[in-house]
Each structure stands twice: as structure tokens, then as C-alpha cells.
Amino acid sequence: MERIAAWLHEKNPGLDGPIDADEDLIEARLIDSMDFLEFIDLLEDISGSSIDLQEVTIDDFRTIDRVQQRFLGAPGTASAGSPGSAHP
């Protein structure tokens, strides 16, 4: 999560202090439409897998917590919505 926080601080030089895990990154304008694809690239680099934009919603990117759960796998849980994550 440090790389995400560092990227957000780089994109928002006036941002002071840590970013709360439940802060709405879009409402707070920490991620805008110009930076969105770069943010996707960062998440793909961190996770080591591609993100299919047909399978996500804007809500998947709203908070650091949600990004962690959706794309990076929260500690002790499987990544939500991952293909092949259903158990027979």
C-alpha cells in the first residue's frame, strides 16, 4: 500500500499527511480522470495481473481499503471477483 500512497502523494503535491484507508479517493479528487489509467497501470504492476476494465466499477477504486480487497487481496482473504475463485 506504500506504493499507492506514494503515487497519490506524487500526483497531489499539496496533500499533507497519510491518506485514510477509507477516504473516498475520487470524491477527494486524489484520482482524477486524467490519472485513472496510470493508476490502473500501477495496480497491475503491484498485483502482477491485468485488470479487465469490463469487470470493474468505479466503486472498486474509491478507497485504499477497497483497492486492497479487490485487486491486491486483503490479508487472509481471496481477491473478490477473481476469475476461478468460486469453489465447487
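How many helices and strands does the secondary structure of the protein come to? I looked this up before anything else, and I found 3 helices and 0 strands. Reading along the sequence, I noted the pattern α-α-α. A reminder to myself: this is a predicted model.

**Entry: confidence**

I checked how far to trust the coordinates. The protein averages a pLDDT of 86, and 83% of the residues score at least 70. I then went to residues 76-88, where pLDDT stays under 50. For that stretch the model has 10 contacts beyond four places in sequence. Where pLDDT is low, the predicted coordinates should not be read in detail. I left that stretch alone after this.

**Entry: the whole chain**

Next I wanted an overview of burial and contacts. Of the 88 residues in the protein, 31% are buried. Among contacts with a separation of 6 or more, 50% join residues that are 24 or more positions apart.

**Entry: H1 against H2**

At what angle do H1 and H2 pack? I read about 160° for helix H1 (residues 2-11) and H2, and their axes are 11 Å apart. H1 is therefore roughly antiparallel to H2, as angles over 145 degrees count that way. The crossing of H1 past H2 is right-handed. I listed who makes the contact: H1 brings Arg3, Ile4, Trp7 and Lys11, while H2 brings Glu38, Phe39, Leu42, Leu43, Asp45 and Ile46. Sorted by type, the residues of this contact are 6 nonpolar, no polar and 4 charged.

I also had the helix repeat in mind here. An α-helix has 3.6 residues a turn, so residues three or four places apart point the same way. With that in hand, I looked again at the H1 side of the contact, which is made by Arg3, Ile4, Trp7 and Lys11.

**Entry: isoleucine 46**

I picked one residue of that contact for a closer look. Isoleucine 46 lies in helix H2, which covers residues 36-47. Is isoleucine 46 buried, partly exposed or exposed? I found a relative accessible area of 32%, so isoleucine 46 is partly exposed. Leaving out residues up to four places away in sequence, isoleucine 46 touches Arg3, Ile4 and Leu72. I also took its distance to methionine 1: the two are 45 residues apart in sequence, but 9.2 Å apart in space, C-alpha to C-alpha.

**Entry: two loop residues**

Arginine 29 caught my eye with a positive phi of about 60°, although it is not a glycine. Arginine 29 sits in the loop between H1 and H2. Its relative accessible area is 69%, so arginine 29 is exposed.

Threonine 63 belongs to the loop between H2 and helix H3 (64-72). Why does threonine 63 count as buried? Its relative accessibility is 16%, and buried means under 20%. Which residues does threonine 63 touch, not counting those up to four places away in sequence? I wrote down Ala21, Asp22, Glu23, Asp24 and Leu25.

**Entry: H3**

Last, I turned to H3. Its buried residues are Ile64, Val67, Gln68, Arg70 and Phe71. I asked myself what the buried residues of H3 pack against. My note says H1 and H2. After H3 comes glycine 73, whose phi is positive, near 75°.

Terms used:
Residues numbered from 1 in each chain as written. Predicted model: local features only at pLDDT ≥ 70, side-chain atom pairs only at ≥ 80, totals over all residues. Heavy atoms only, no water. Helix = DSSP H or I, 4+ residues; strand = E, 2+ residues; numbered from the N terminus. Buried < 20%, exposed > 50% of the residue type's maximum accessible area, 1.4 Å probe, protein only. Contact = heavy atoms within 4.5 Å. Axes fitted to C-alpha atoms, helices over the stretch in contact; angles between N-to-C directions. Parallel < 35°, antiparallel > 145°, perpendicular 65-115°, else oblique. Left-handed = near helix turned anticlockwise from the far one by under 90°. Nonpolar A, V, L, I, M, F, W, Y, C, P; charged D, E, K, R; others polar. pLDDT = per-residue confidence, 0-100.
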